[in-house]
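Colleague: I'm new to reading models like this one. Could you pick one part and walk me through it slowly?

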Amino acid sequence: MGPTPETCGELLRPLRALMGLKQVVMQRGLQLSDQVPYAAAGLLTELVHRGECRVSDLAHHRIVDASVVSRQVNQLEQAGLITRRPDPADKRVSLLRATADGEQVVTDLERKKQEWISEALVDWDDSRVRELARLLGDAMSDIRRHTIENGDLSDSGMREGTR
């Protein structure tokens with residue numbers, strides 16, 4: 001049956017607060033650089049973790065329009081953080097890959113974020129952090145699947161800038 005809408009409503013406030021931390025992260029300098037917007041940093045991080053892939057694959061996974069990803073790809077390419085090459089299976093399509101500089105930037109950024117969160121959660125133990133990570137991961141997987149299966153992309157508010 002699933003939880004009631006009222007119970008799920010209890011999630012909205014902490015989720016909004018969590019999303020608001022993006023601003024704090026940016027103010028603390030936990031971003032790539034002044035030339036690369038925060039959203040593009042997220043895309044680079046995903047590309048490093050996923051490996052070489054198409055723009056359409058990134059857009060599908062991020063639940064955004066390919067045009068959003070294309071803008072971010074251009075920013076990252078201009079910064080020398082990614083490269084593209086023709087897909088051998090379809091020369092009309094490009095495969096994207098992080099450069100060595102891009103991988104190093106992500107490594108540094110992830111380390112900064114990990115340290116910042118560790119300091120913020122100083123009173124938590126590892127098992128509590130792992131449990132939260134598991135619950136958030138499960139929830140996001142279910143929400144992403146529901147969004148894709150129901151074609152809610154255009155109405156979901158899960159486009160760039162609203163996540």
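Modeller: Sure, let's take a close look at helix H2 and the parts around it.

First, a bit of background. This is a predicted model, and the mean pLDDT of the protein is 84, with 85% of residues reaching 70 or more. Be careful with residues 154–163, though: the pLDDT there is below 50, even though that stretch has 22 contacts in the model beyond near neighbours in sequence. Overall, the protein has six helices and two strands, and along the sequence they follow the pattern α-α-α-α-β-β-α-α. Of its 163 residues, 23% are buried.

Now for H2 itself, which covers residues 38–50. Does its length make sense? What span should its 13 residues have at 1.5 Å a residue? The expected value is 18 Å, and the end C-alpha atoms of H2 are 18 Å apart, so the two agree. Just after H2 comes glycine 51, which takes a positive phi of about 90°.

Next, look at which parts of H2 are tucked away. Its buried residues are Ala40, Ala41, Leu43, Leu44, Thr45, Glu46 and Leu47. These pack against H3, H4, S1, S2 and helix H5 (100–120). H2 also feeds into the largest nonpolar core, a set of 18 residues. Leu44 is among the residues with the most contacts inside that core, and so are Leu58, Val69, Val73, Leu76, Ile82 and Leu96. The elements giving two or more residues to this core are H2, helix H3 (55–62), helix H4 (66–78) and strand S2 (90–98).

Let's take the helix partners one at a time. With two packed helices, you describe the pair by the angle between their axes and the distance between the axes. For H2 and H4, the axes come within 9 Å and cross at roughly 85°. The two helices are therefore roughly perpendicular to each other. On the H2 side, Ala39, Ala40, Leu43 and Leu44 do the meeting, and on the H4 side it's Val69, Gln72, Val73, Gln75 and Leu76.

Then there's H3. The axes of H2 and H3 come within 11 Å and cross at roughly 110°. That angle makes H2 roughly perpendicular to H3. From H2, the contact uses Ala39, Gly42, Leu43, Glu46, Leu47 and Arg50, while H3 brings Asp57, Leu58, His61 and Arg62.

Zoom in on that contact and start with leucine 58. Leaving aside neighbours within four places in sequence, leucine 58 is in contact with Leu43, Glu46, Leu47, Arg50, Cys53, Val69 and Leu96.

Glutamate 46 is a good one to click on too. Glutamate 46 sits in helix H2, and is it buried or exposed? The cut-off for buried is under 20% relative accessible area, and glutamate 46 is at 12%, so it counts as buried. Not counting residues up to four places away in sequence, glutamate 46 touches Leu58, His61 and Arg62.

Finally, follow that last touch over to arginine 62, which is found in helix H3. At 13% relative accessibility, arginine 62 counts as buried as well. Arginine 62 and leucine 43 are 19 residues apart in sequence, yet their C-alpha atoms are 8.5 Å apart in space.

Note on methods. Residues are numbered from 1 along each chain as its sequence is written. This is a predicted model: local features need pLDDT of at least 70, side-chain atom pairs count only at pLDDT 80 or more; totals for chains, interfaces and linings use all residues. Side-chain values use heavy atoms; hydrogens and water are left out. pLDDT is the predictor's confidence in each residue, from 0 to 100. Contact means heavy atoms within 4.5 Å. A nonpolar core is a set of buried Ala, Val, Leu, Ile, Met, Phe, Trp, Tyr and Cys residues joined through side-chain atoms within 4.5 Å. Buried means under 20% relative accessible area, exposed over 50%, partly exposed in between (1.4 Å probe, protein chains only). Helices (H or I, at least four residues) and strands (E, at least two) are DSSP runs, numbered from the N terminus. The expected span of a helix is 1.5 Å times one less than its number of residues. Axes are lines fitted to C-alpha atoms, for helices over the stretch in contact, and angles run from 0 to 180 degrees between N-to-C directions. Angles under 35 degrees count as roughly parallel, over 145 as roughly antiparallel, 65 to 115 as roughly perpendicular and the rest as oblique.
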